[in-house]
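Please open the model in your viewer and keep the selection panel at hand. The tour moves from one selection to the next and says what is there at each stop.

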Amino acid sequence: TSTREYIHSYQFSTMPLLGDTVPNFTADTTVGNIDFHTWLGDSWAILFSHPADFTPVCTTELGRVQALHAEFAKRGVKLIALSCDSVESHNGWIEDIKSYNNMTEFSYPIIADPKRDVANLYGMMDPDEKDSQGIPLTARAVFIIGPDKRLKLSLLYPATTGRNFDEILRVVDSLQLTATKKVATPVDWRQGGACMVVPSVKQEDVADLFPKGVTVHDVPSGKVYLRTTPQPE
């Protein structure tokens, strides 16, 4: 396949939409070959991509994810990275990641995607970043996947901007809470903070649903829609 054909095919790939069942694939990784849906099982998971191995921003990102590994595990979240190089390259890079970030272990797999099969399937390509053959590299994509294998959140950063994985951990907390409780989380919410009662909850049902109490905030419009409650258990 020519470089021109590669670029053409990747340019028009689209990312999965919120609520979509994420595409399945098989791929080689640093822990062996996996079938993605089988690997997911019934867990929450985060798939996040990187432009290439042995690159500076990616090295800081993968180190930060390793530092947060226990926090994600505590929430039942599996982690898996992707980069457009081989497993052999990944294994060499992992040693650099551990050294630079002062770590002794690396606890999650990295997918090898040299032909961009997975990147194309998920619409991760960055049209402005290309390898030595002129083939697009992956952008910094994040996919948070629920136990039902449906996409709960996606983020797309350019290659030049590193991600904030503390924010991604915060988002996981929100997604897991709001998946089972009739609340939404307001701006800058953190675990344990007050939540908003969702508009679909009728005022007469509030007391039963939220035993910790609900505060209705008066606003000039007179509309009853700003209702806060302590975070439900």
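**First stop: Leu226**

Select Leu226 and display its contacts (heavy atoms within 4.5 Å): leaving aside residues up to four places away in sequence, Leu226 touches Met196, Thr215, Val216, His217 and Val219. Leu226 lies in the loop between β12 (215-216) and β13 (227-229), where helices (H or I, at least four residues) and strands (E, at least two) are DSSP runs numbered from the N terminus. With a relative accessible area of 27%, Leu226 is partly exposed, given that buried means under 20%, exposed over 50% and partly exposed in between, with a 1.4 Å probe and protein chains only. If you add Val198 to the selection, you will find its C-alpha atom 9.0 Å from that of Leu226, although the two residues are 28 apart along the chain.

This is a predicted model, in which local features need pLDDT of at least 70 and side-chain atom pairs count only at pLDDT 80 or more, while totals for chains, interfaces and linings use all residues. Residues are numbered from 1 along each chain as its sequence is written, and side-chain values use heavy atoms, with hydrogens and water left out.

**The whole chain**

Zoom out to see eight helices and 13 strands, with C-alpha atoms that fill a box of roughly 65 × 40 × 35 Å along the principal axes. Of the 233 residues, 43% count as buried.

**Aromatic rings**

Now show the rings of Phe, Tyr and Trp (its six-membered ring), which pair if their centres lie within 6.5 Å, with planes under 30 degrees apart counted as stacked, over 60 as edge-to-face and the rest as tilted. By this rule there are seven aromatic pairs. Begin with Phe48 and Tyr108, whose ring centres are 5.8 Å apart and whose planes stand at 50 degrees, so the pair is tilted. Phe48 belongs to strand β3 (residues 44-50) and Tyr108 to the loop between α5 (87-100) and β5 (110-112), so that this pair links parts of the chain 60 residues apart. Both Phe48 and Tyr108 are buried.

Next select Tyr122 and Phe143, an edge-to-face pair with 5.1 Å from centre to centre and 70 degrees between the planes. Tyr122 lies in the loop between α6 (117-121) and β6 (125-130) and Phe143 in strand β8 (residues 140-145), so the pair ties together parts 21 residues apart in sequence. Both of these residues, Tyr122 and Phe143, are buried.

Extend the selection to Phe25, Phe36 and Trp39, which ring pairs link with Tyr122 and Phe143 into a cluster. Finally, add Lys78, which lies over the face of Trp39 at 5.2 Å from the ring centre; a charge sits over a ring if NZ of Lys or CZ of Arg is within 6 Å of the ring centre and within 35 degrees of the ring normal.
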